[in-house]
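The following exercises are to be worked with the sequence and the coordinates at hand. Each task is followed by a solution in steps.

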Amino acid sequence: MRYLIIGAVAAGTKAASKIRREDGTSEITVLTSDSDISYAGCGLPYYIGDVIKERGELVVRKPEDFKMEQDINVLTGWEALRIDPVAKKVLAKELKTGEEREFIYDRLILATGASPFVPPIEGVNLDNVFTLRRVTDADRIKRQANSGIKNAVIVGGGFIGLEVGENLAKRGVGVTVIEMMDTILPGFDKEIALTVQNYLKEKGIDILTGEAVQAFKGDGRVNEVITSKRTLPCDIAILSIGVRPNTRLAVEAGIELGPTKAIAVNEQMETNIKDIYAVGDCAENVNLITGQRVWYPMGSTANKTGRIAGINLADGEWSFNGVLGTTIVKLFDMTAAKTGLSEADARKNGFDVVTVLVPSEDRAHYIPGYRMITTKLIVDRKNRRVLGGQIVGEGVVDKPIDILATAITFGAKADDLVNLDLAYAPPVSTAMASTIVAGEVAVNKLDGKLKGISPVELHENLDKYYVVDVRIEPEFIISSIPGSVNVPFGMLRKKADELPRDKEIVLVCKIGKRAYMAYRILSQMGFENIRILDGGISSYPFETV
């Protein structure tokens, strides 16, 4: 049996290694046009920032390692030109010499990955305008960072761009992020994205949203960026506008693409052509909640799909059911993570959703070093199933987002979160974990025990509501929502008659607990038109006074 794999980063090398473990004698060849293989692409921003000192720490393995340890032939600097699925051969060219050669296969894996999107903007080919995908890209950017540059412009507010911005800022470079959308972090709901956005501004990163880059200017080398609103000085520009799946080889060979324009595969990672599989960032997946075809280019997914294809090529049997799109990013001391559907995506898919926003400590509040995190849950009102979750804060975020990802994968309802038997010890967790508390709030909403309003809805319709802040006066004076009135919780019963019954009242406190108790008191006193600000003032990402 002759196995041929095109691509040698995460998915390709994972597939090759798994094939060898399943089939100890057959021929395995891996082709890549790159000079580096099996490298940690997600670590590139930290190499630029000198968190990772040595280049070799990024490149996990070399071709000679695969040959010596597993008898796998990895050929670098070879570009695949054409696939002939009838004759079962691939024409490839060695980039150094121009030599062309045919590689015969019995089974083929496409692990061609994805490439950065480069928009047709004036000056985009100037020196010091970079994309970041390969180790060689990071080498070039790091050299510039070492040369004493002063101003960097990041185009795009996604993970890679923000991580590069953080690492350049830590090196003393002035960083400006330009994002066309209203907020950074596409895919996150607005209140979560704004929390991170506000934090990055506090850290000295200038963030310009709702703004588009129109041109790069300079005499051979970029020195200015022209946007739809201003001109910015620029010594280095990083394009981080997203990636596109590399599908040319597949299309020309008659391999079908799916609705996302990535390669369509079944649960075994096989394409429409027998004995040709596709894995990693060039291939589609299925969303576990909606059942729709999706494209989530993630290193974690690449490794899983590579492994599964490797099993199936070697006559094993394994299926990949789909993904939730679970992602996480750490910027300075703040982490943001999401899994499943966002509120926007859930509504777009026709779900009638209930959302909650719940701040909580990441460990017992009396333990030094505890930090706050805020959990957002998205729940289907009809069947109470958890559809998605987002968590942000300076505390531990990866643990609760993984709990939610597991729960959603197994179809958990909000009620199930309440009953989770999670580990508790004061130095590492709270007696009532953030996931459990978020589940309780969701159940209360589903059962009609309270009505909430999101920070975004309140901000956009502030003039429609009578906002009552039930914190004590010193808290109210430090920071409050514009136009709100202060009625401390302890005075609420006495002053309830002063509250209007002909307006919708929104109750506000620090995190929501006092507001909920105030809600119950006013409800028992006959007030019907009342709501609670989800997450309280601590989760309100808009201007306060």
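A residue is called buried when its relative accessible area is under 20%, exposed when over 50%, and partly exposed in between. The model is predicted.

**Exercise 1. Determine whether R531 is buried or exposed, and describe its surroundings.**

Step 1. Locate the residue: R531 belongs to strand β30, which covers residues 530-533.

Step 2. Apply the cut-off. The relative accessible area of R531 is 14%, and the limit for burial is under 20%, so R531 is buried.

Step 3. List the contacts beyond four places in sequence. R531 is in contact with residues including K451, G452, I453, E457 and Y465; E504, I505, V506, L507 and Y519 also belong to its contacts.

Step 4. Identify the polar partners. A polar atom of the R531 side chain lies 3.1 Å from the backbone oxygen of G452. The R531 side chain also makes a polar contact with the side chain of Y465, at 3.2 Å.

Step 5. Relate R531 to a distant position. A138 is 393 residues away along the chain, and the two C-alpha atoms are separated by 50 Å.

**Exercise 2. Describe helix α1, its cover, and the salt bridge between E22 and K18.**

Step 1. Compare the span with expectation. Helix α1 comprises 13 residues, 10-22, and reaches 18 Å from its first C-alpha to its last, close to the 18 Å expected at 1.5 Å a residue.

Step 2. Sort out the buried positions. A11, G12, T13, A15, A16, S17, K18, I19 and R20 are buried in α1.

Step 3. Find what covers them. The cover includes strands β1 (2-6), β2 (27-32) and β7 (107-110), together with helices α3 (63-70) and α8 (299-313).

Step 4. Examine the ion pair. E22 and K18 form a side-chain salt bridge with an N to O distance of 3.2 Å. Because they are four residues apart in helix α1, E22 and K18 are separated by about one helical turn.

Step 5. Compare accessibility. E22 is partly exposed at 40%, whereas K18 is buried at 11%.

**Exercise 3. State where R107 lies and which backbone oxygen its side chain reaches.**

Step 1. R107 is placed in strand β7, and its relative accessibility of 15% makes it buried.

Step 2. The R107 side chain reaches the backbone oxygen of L313 at 2.4 Å.

Step 3. Leaving out residues up to four places away in sequence, R107 touches M1, R2, Y3, L4, D275, L313, A314 and D315.

**Exercise 4. Explain which parts of the chain are tied together by the salt bridge of D189 and K376.**

Step 1. The side chains of D189 and K376 meet in a salt bridge, 3.0 Å from N to O. D189 lies in the loop between β11 (174-179) and α6 (190-202), and K376 in strand β24 (residues 372-380), so the pair ties together parts that are 187 residues apart in sequence.

Step 2. Both ends are evaluated separately: D189 is buried at 6% relative accessible area, and K376 is buried at 1%.

Step 3. Turn to a second pair. D447 and R384 form a salt bridge whose closest N and O atoms are 3.0 Å apart. This pair links distant parts of the chain, 63 residues apart: D447 is in the loop between α12 (434-446) and β26 (452-453), and R384 in the loop between β24 and β25 (386-393).

Step 4. D447 is partly exposed at 42%, and R384 is partly exposed at 21%.

Step 5. Place the D189 pair in its network: salt bridges that share partners join D189, E191, E343, R347 and K376. The count for the model comes to 34 salt bridges.

**Exercise 5. Identify the residues other than glycine, among them S38, that have a positive phi, and characterise their setting.**

Step 1. S38 has a positive phi of about 45°. S38 lies in the loop between β2 and α2 (44-48) and is buried at 11% relative accessibility.

Step 2. F332 has a positive phi of about 55°. F332 is placed in the loop between β21 (327-331) and β22 (334-340), and counts as buried at 12%.

Methods:
Residues are numbered from 1 along each chain as its sequence is written. This is a predicted model: local features need pLDDT of at least 70, side-chain atom pairs count only at pLDDT 80 or more; totals for chains, interfaces and linings use all residues. Side-chain values use heavy atoms; hydrogens and water are left out. Helices (H or I, at least four residues) and strands (E, at least two) are DSSP runs, numbered from the N terminus. The expected span of a helix is 1.5 Å times one less than its number of residues. Buried means under 20% relative accessible area, exposed over 50%, partly exposed in between (1.4 Å probe, protein chains only). Contact means heavy atoms within 4.5 Å. A polar contact is a pair of N or O atoms within 3.5 Å; within protein, one must be able to donate a hydrogen and the other to accept it, and residues adjacent in sequence count only if both atoms are side-chain atoms. A salt bridge is a side-chain nitrogen of Lys or Arg within 4 Å of a carboxyl oxygen of Asp or Glu.
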